[in-house]
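Q: Please take a close look at one part of this predicted model, the largest pocket. Set it against the rest of the chain, and go on to the cores and the backbone.

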Amino acid sequence: MPEIPVPQEIRESVLRELYRQADSFDWEDVPVRQKTTHYRQWVEDPSIGGKLADYYTAEGMRVWLKDGPLKEYARALENFGPYAKYVSKRLAPPSEFITEILGNSWTVLPESIREKPMHCLITDGRERRYVCWGRPRAFRDLLWAAVNKAIASTSRPLIVVYLTDGKTVSDSQKSLHQKIAAHCELDLAYVYRRWEDIPAS
């Protein structure tokens, strides 16, 4: 979606306030129905919709929120993409959960970090492995990405499903994920990721 055609200082103010609020209730875990409510509240919020009212209709604001900054929000939490500078917290880097899962001998190749889904290559100095990660609801996308990599790889791809802030997943869902990964000859790990606060600039 094109950049919002408003003065830079207004755009920056809106994005920082929008992400501050999204950070406060972990937007990525908000159910779809509740997200609709938040869109309406943001359009009516003087610090967001109020500042955009001279440039967009209410519907235009809602579309921009959904298809612009909030579509990029998950990647921004990974410190990835042009919106990363607006979040007030971010997820700990993948190097942290790679060490937790595989030990200190494995490291992330920083230049290999990409999106859709988030993924990278890791190495122990002898072997390279593909790793992709996301929340439980993204398992289907992670599975497809890993299977595609497995076809041409001599090493087993690793799928990492992560949770945050005490979130849980049912035993039945986790068991199903494990059975699917095993059937496809893929490695799977569940981890908790911590948040890192970003000092105010």
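A: A residue is called buried here when its relative accessible area is under 20%, exposed when that area is over 50%, and partly exposed in between. By this rule, buried residues account for 45% of the 201 residues in the protein chain. The model is a predicted one. Its chain holds eight helices and seven strands, and the C-alpha trace spans about 55 × 35 × 30 Å along its principal axes. Of the contacts between residues at least 6 apart in sequence, 64% join residues at least 24 apart.

The pocket comes next. The largest pocket encloses about 640 Å³ of space. It is lined by 22 residues, of which Glu28, Ala74, Arg75, Arg137 and Ala138 are the closest to its centre. Sorted by class, the lining consists of 11 nonpolar residues, 10 charged residues and one polar residue. At least two lining residues come from each of helix H2 (32-44), helix H5 (73-77) and strand E4 (128-134). The biggest share is that of H5, which gives three residues.

Ala74, one of the residues closest to the pocket centre, is part of helix H5. Is Ala74 buried, exposed or partly exposed? Its relative accessible area is 31%, which lies between the 20% and 50% limits, so Ala74 is partly exposed. In space, Ala74 is 9.7 Å from Met118, C-alpha to C-alpha, although the two are 44 residues apart in sequence.

Met118 leads to a point of backbone geometry. The residue just before it in number, Pro117, sits in the loop between strand E2 (107-108) and strand E3 (118-123). The peptide bond that joins Lys116 and Pro117 is cis, with omega about -10°. Most peptide bonds are trans, and most residues other than glycine have a negative phi. Two residues depart from the second of these habits. Asp26, in the loop between H1 and H2, has a positive phi near 50°. Glu185, in the loop between H8 and strand E6 (187-193), has a positive phi near 60°. Their accessibility puts them in opposite classes: Asp26 is buried because its relative accessibility of 5% is under 20%, whereas Glu185 is exposed because its relative accessible area of 55% is over 50%.

Now for the nonpolar cores. The largest one has 39 residues, and those with the most contacts inside it are Tyr19, Trp27, Trp42, Leu65, Val131 and Trp133. Helix H1 (residues 8-24) contributes the most to this core, with five residues. Apart from this core there is another, of 14 residues, which include Cys132, Leu143, Ile159 and Leu163. Back in the largest core, what does Leu65 touch when neighbours within four places in sequence are left aside? Leu65 is then in contact with Leu18, Tyr39, Trp42, Val43, Ile48, Leu70 and Lys71. Trp42 is thus both a contact of Leu65 and, like Leu65, one of the residues with the most contacts inside the core.

Strand E5 (residues 158-164) contains Val161. A relative accessibility of 0% is under the 20% limit, so Val161 counts as buried. Val161 lies 26 residues from Arg135 in sequence, yet their C-alpha atoms are 5.4 Å apart in space. Not counting residues up to four places away in sequence, Val161 touches Gly134, Arg135, Pro136, Phe139, Leu142, Leu188, Ala189, Tyr190 and Val191.

Several of these residues also appear around His177, which is found in helix H8. Leaving aside neighbours within four places in sequence, His177 is in contact with Pro136, Phe139, Leu188 and Tyr190. With 5% relative accessibility, under the 20% limit, His177 counts as buried.

The length of helix H8 (residues 171-183) can be checked. The expected span is 1.5 Å times one less than the number of residues, so the 13 residues of H8 should span 18 Å. The end C-alpha atoms of H8 are 18 Å apart, which agrees with that value. Just after H8 comes the positive phi of Glu185, about 60°.

How values were computed
Residues numbered from 1 in each chain as written. Predicted model: local features only at pLDDT ≥ 70, side-chain atom pairs only at ≥ 80, totals over all residues. Heavy atoms only, no water. Helix = DSSP H or I, 4+ residues; strand = E, 2+ residues; numbered from the N terminus. Core = buried A, V, L, I, M, F, W, Y, C linked by side-chain atoms within 4.5 Å. Buried < 20%, exposed > 50% of the residue type's maximum accessible area, 1.4 Å probe, protein only. Contact = heavy atoms within 4.5 Å. 1 Å grid on protein atoms, 1.4 Å probe; cavity = no way out; pocket = protein on both sides within 12 Å on 5 of 7 lines; lining within 4 Å. Points joined across faces, edges and corners; volume = space filled by probe spheres on them. Nonpolar A, V, L, I, M, F, W, Y, C, P; charged D, E, K, R; others polar.
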